[in-house]
Amino acid sequence: MVDKTDDSADSRGLPLSARAMGARAAPYLDQLNPAQREAVETLEGPVLMLAGAGTGKTRALTARIVHLLNTGGARPGEILAVTFTNKAAREMKERVAEMLGHGVEGMPWLGTFHAICVRLLRRHAELVGLKPNFTILDTDDQLRLLRQLVQAAGFDEKRWPARHLAGIIDAWKNRACTPDKVPAADAGAFNRHGPELYAQYQARLRELNAVDFGDLLLHMVTIFQTHEDLLEQYRRRFRYILVDEYQDTNIAQYLWLRLLAGGHHNICCVGDDDQSIYGWRGAEVGNILRFEKDFPGARVVRLEQNYRSTPHILAAASAVIAGNQSRLGKTLWTELDSGERLRLIGHWDGEEEARWIGEEIESMQGGTRGMRPFDLDEIAILVRASHQMRAFEDRFLTTGLPYRVIGGPRFYERLEIRDAMAYFRIVMSPADDLAFERIVNTPKRGLGDKARQVIRGIAREHNVPLLEGARIAVEQGMIKGKGSAALGRLAADIARWGRMAGEGEPGHMELAGIILDESGYTEMWQNDKSPDAPGRLENLKELVNQLDAFENLQGFLEHVSLVMDNDQNDGAARVSIMTLHAAKGLEFPAVFLPGWEDGLFPSQRSMDESGIPGLEEERRLAYVGITRARELCTISFAGNRRVFGQWQSSMPSRFIDELPEAHVEVLTPPGLYGGHGVGAGHTAPAQEHDLDDRAAQADGYNSPGWRRLQQRLQVRGGADAPGARQVLDLEAAGSFVVGQRVFHQKFGYGPITAIEGDKLSVDFEKAGPKKVVARYVSAGEDVPF
DNA sequence: CAGGAGAGGGTTTTT
DNA sequence: CCCTCTCCTG
């Protein structure tokens with residue numbers, strides 16, 4: 001996020017509201033409970049707000065900012081408010097503005113760690129050997145660079161993947177280790193060349209005038225550690241510091257905060273140790289557990305009144321998280337009515353699970369078993385790993401249930417977006433070698449490996465960037481054939497576009513269009529006959545449209561390198577599908593938690609790599625999942641699942657055994673998962689027809705839900721057998737005729753040109769001709785979306 | 001040098 | 001199973 005406000009904001013007078021508020025009672029304080037109020041009104045000194053799920057943490061945090069402005073005498077530019085995600089930053093900005101009753105343009109230092117560090121680093125880049133216009137590499141660029149280094153060092157990429165090295169280096173950066181400070185214990189990393197390659201990588205980044213994500217924090221910590229005067233200056237500037245999601249901070253972020261808070265100790269950290277789910281990324285729960293030691297005299301405030309979930313949901317979540325040893329401990333309570341118990345259901349396999357959830361969602365919309373009707377956008381499916389999403393997508397595509405995947409492939413990670421961005425980058429910074437490499441032969445200009453070798457050689461010889469090397473190579477006639485002219489033209493074009501950007505004429509949106517058109521990039525996709533080409537052109541158009549919100553290309557590049565979300569707010573109600581990680585901070589009236597099987601959740605890998613702490617983090621993930629639900633929470637598991645195309649059977653998650661019986665309604669016949677509660681072991685899942693009467697009589701298994709399930713199972717009978725499935729598919733195809741206009745969620749609308757078995761040939765209007773399976777297609781006219 | 005076929009590898013989680 | 005990368009052919 002790029003905000004145009006600069007230091008001038010700091011010197012502005014008090015906001016009008018401060019004077020206006022002076023005598024009157026502050027309405028925003030009246031809305032707070034006593035604990036929240038304490039956290040808001042304790043303005044001086046260190047404060048730790050331990051805020052359980054759904055306890056009004058954001059409200060307290062924003063009220064605190066407003067309170068600082070109104071009565072603390074803080075000017076907007078004197079408050080440093082850091083969040084973890086862009087979404088959280090945006091939300092906080094909005095809510096502060098709302099509470100203040102006017103715009104929040106005067107809060108220049110409210111943002112993510114990364115965004116704030118970019119701003120700081122641009123000002124002081126030269127202190128770490130960079131120029132202010134450094135580029136920020138994404139993971140892809142980072143990997144490419146590391147791959148080069150690994151190869152140059154003579155490593156076999158197969159045995160020593162650059163990916164692995166990237167992970168090691170990231171871990172070092174998360175711990176604020178510069179190459180010279182790598183702990184001796186890590187000397188053996190990456191076949192004992194880890195530290196050396198790390199140093200090379202950092203040197204290379206400096207040459208390229210580039211940083212990666214980790215560097216943003218790392219460089220700022222280095223700068224503050226080595227330039228006391230500068231640190232002192234910022235300590236005076238940021239009189240008050242607020243930190244959201246403190247449990248997610250890594251060591252570098254922790255050091256950064258400690259340095260800045262070092263003088264006045266006016267730091268307020270908000271977090272929940274029970275929701276620390278980013279340990280794998282370097283987050284240190286220890287940071288929050290240790291807060292009182294780090295800041296002696298800290299006021300610790302516990303927010304325990306939950307405004308979100310029913311008592312059943314809270315009780316279940318509390319029981320699960322109680323299984324963790326290392327936690328500060330909180331007791332959530334609520335004044336809400338008890339509502340529905342959690343629901344637990346087992347399935348034969350993953351597809352059955354997806355099918356059941358789909359059907360359940362359908363009936364929930366009309367109101368079922370005495371519950372109120374739920375809208376689609378009140379419902380979310382939260383999975384452990386993103387590959388679980390596919391089963392649901394497949395199923396919902398088939399039945400036409402509108403859904404939205406949150407955190408899927410990100411806009412800016414797409415090929416065409418990255419290419420376009422590379423063009424913009426090389427125009428704005430001609431020394432951006434990575435961008436040059438990316439676009440030099442895209443579209444094809446007849447510049448293959450050989451030509452690139454020559455360019456690299458010349459650039460190295462003259463000690464200039466690749467683009468300049470290319471210019472020299474052309475001048476000296478060292479590129480053969482057609483490539484020579486094309487390369488010369490490219491170099492000239494880039495220079496010309498750069499001049500246009502400098503003159504600000506034409507506007508940057510137009511310029512972006514010109515670059516993409518004149519480079520031949522747009523044309524490349526226009527001539528591409530693959531089905532996804534039209535979509536890519538759409539994306540490029542969208543990219544140019546997004547430029548509208550920015551002053552210039554430079555600002556836009558910044559934005560894209562830090563911000564990842566592209567919310568598709570098309571207004572239509574949809575079920576949300578996302579990972580548990582992506583769901584943190586969100587809430588939904590009804591939540592489905594599928595895939596609760598040992599190995600999947602808790603993830604085998606977490607347990608293997610991190611042992612008990614790993615398992616505890618998984619348990620926190622379970623806690624986060626359950627507490628996302630306001631009214632209804634449905635947990636499910638499948639006995640069998642296809643992994644890498646192979647069938648695997650698994651046992652129900654151990655977390656299921658930790659659910660308190662009194663708060664759970666079991667929709668599954670016990671034969672399916674080996675019983676619940678007393679003596680519940682991990683028996684292998686039995687077949688569906690294992691239902692037995694004894695179970696049906698047991699209290700808790702005789703619920704309306706269970707009877708419904710039984711009915712469903714009987715009605716469906718053997719429809720799941722492979723033979724039956726094929727018949728269904730043929731029937732599906734049979735309901736279409738050639739020439740009929742149909743709709744496909746991915747490809748859009750188009751007429752059927754041929755039918756073979758269950759496959760339809762459709763000439764999609766946007767995506768072009770494609771063969772699709774009949775059940776992914778619906779009749780074109782009256783589709784709900 | 002470009003485009004297609006085949007093999008191999010990868011699934012946590014993301015700023 | 002699906003995607004990416006590599007090798008081979010035209």
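**Close-up views of chain A**

E461 counts as exposed, since its relative accessibility is 64%. The coordinates shown in every panel belong to a predicted model.

**Figure 1. E461, an exposed residue of helix α20.** Helix α20 comprises residues 449-462, and E461 lies within that helix. The relative accessibility of 64% is over the 50% cut-off, which means that E461 is classed as exposed. A second residue, A315, serves as a reference point: the two positions are 146 residues apart along the chain, and their C-alpha atoms are separated by 69 Å.

**Figure 2. N441, a buried residue in the loop between α19 and α20.** The loop that holds N441 connects α19 (433-439) with α20. Because its relative accessibility is 14%, N441 counts as buried. The cut-off for this class is under 20%. When neighbours within four places in sequence are left aside, the contacts of N441 are with G446, L447, G448 and R452.

**Figure 3. Helix α6, a mostly covered element.** The helix runs over residues 113-124. Its 12 residues reach 16 Å from the first C-alpha to the last, close to the 16 Å expected at 1.5 Å a residue. Of these 12 residues, 10 are buried. The buried set consists of F113, A115, I116, C117, V118, R119, L120, L121, R122 and H124.

**Figure 4. The packing of α6 against α10.** Two packed helices are described by the angle between their axes and the distance between the axes. For helix α6 and helix α10 (residues 213-226), the angle is about 55 degrees and the axes are 9 Å apart. The two helices are therefore oblique to each other. The crossing of α6 with α10 is left-handed. On the α6 side, the contact is formed by F113, H114, C117, V118, L120, L121 and H124; on the α10 side, by F213, L216, L217, H219, M220, I223 and F224. Sorted by character, the residues of this contact comprise 11 nonpolar, three polar and no charged.

**Figure 5. Helix α18, largely enclosed by the rest of the structure.** Helix α18 spans residues 415-428, and its end C-alpha atoms are 20 Å apart; this agrees with the 20 Å that 14 residues should span at 1.5 Å a residue. Since 12 of the 14 residues are buried, α18 is largely enclosed by the rest of the structure. The buried residues are E416, I417, R418, D419, A420, M421, A422, Y423, F424, R425, I426 and V427.

**Figure 6. The crossing of α18 and α26.** Helix α26 covers residues 553-562, and its axis comes within 10 Å of that of α18, at an angle of roughly 130 degrees. This angle falls outside the parallel, antiparallel and perpendicular ranges, so α18 and α26 are oblique to each other. The crossing is left-handed. M421, F424, R425 and M428 from α18 meet L553, Q554, F556, L557 and V560 from α26. This contact divides into seven nonpolar residues, one polar and one charged.

**Figure 7. M107, a buried residue in the loop between α5 and β3.** The loop connects α5 (86-100) with β3 (110-112), and M107 is found within that loop. With a relative accessibility of 2%, M107 counts as buried. Apart from neighbours within four places in sequence, M107 is in contact with I65, P76, I79 and K93. Measured against A97, 10 residues apart in sequence, the C-alpha to C-alpha distance is 9.7 Å.

**Figure 8. G595, a buried glycine in the loop between β13 and α28.** The flanking elements are β13 (588-593) and α28 (604-627). G595 has a relative accessible area of 0% and is therefore buried. Excluding residues up to four places away in sequence, G595 touches E353, Q388, L600, F601, S636, F637 and R641. G595 and T112 are 483 residues apart in sequence, with 32 Å between their C-alpha atoms.

**Figure 9. Chain A as the setting of the close-up views.** The chain contains 32 helices and 21 strands. Of its 785 residues, 53% count as buried. Among contacts in chain A with a separation of 6 or more, 74% are between residues 24 or more positions apart.

Conventions. Residues numbered from 1 in each chain as written. Chains lettered and ligands numbered in written order. Predicted model: local features only at pLDDT ≥ 70, side-chain atom pairs only at ≥ 80, totals over all residues. Heavy atoms only, no water. Helix = DSSP H or I, 4+ residues; strand = E, 2+ residues; numbered from the N terminus. Buried < 20%, exposed > 50% of the residue type's maximum accessible area, 1.4 Å probe, protein only. Expected span 1.5 Å × (residues − 1). Axes fitted to C-alpha atoms, helices over the stretch in contact; angles between N-to-C directions. Parallel < 35°, antiparallel > 145°, perpendicular 65-115°, else oblique. Left-handed = near helix turned anticlockwise from the far one by under 90°. Contact = heavy atoms within 4.5 Å. Nonpolar A, V, L, I, M, F, W, Y, C, P; charged D, E, K, R; others polar.
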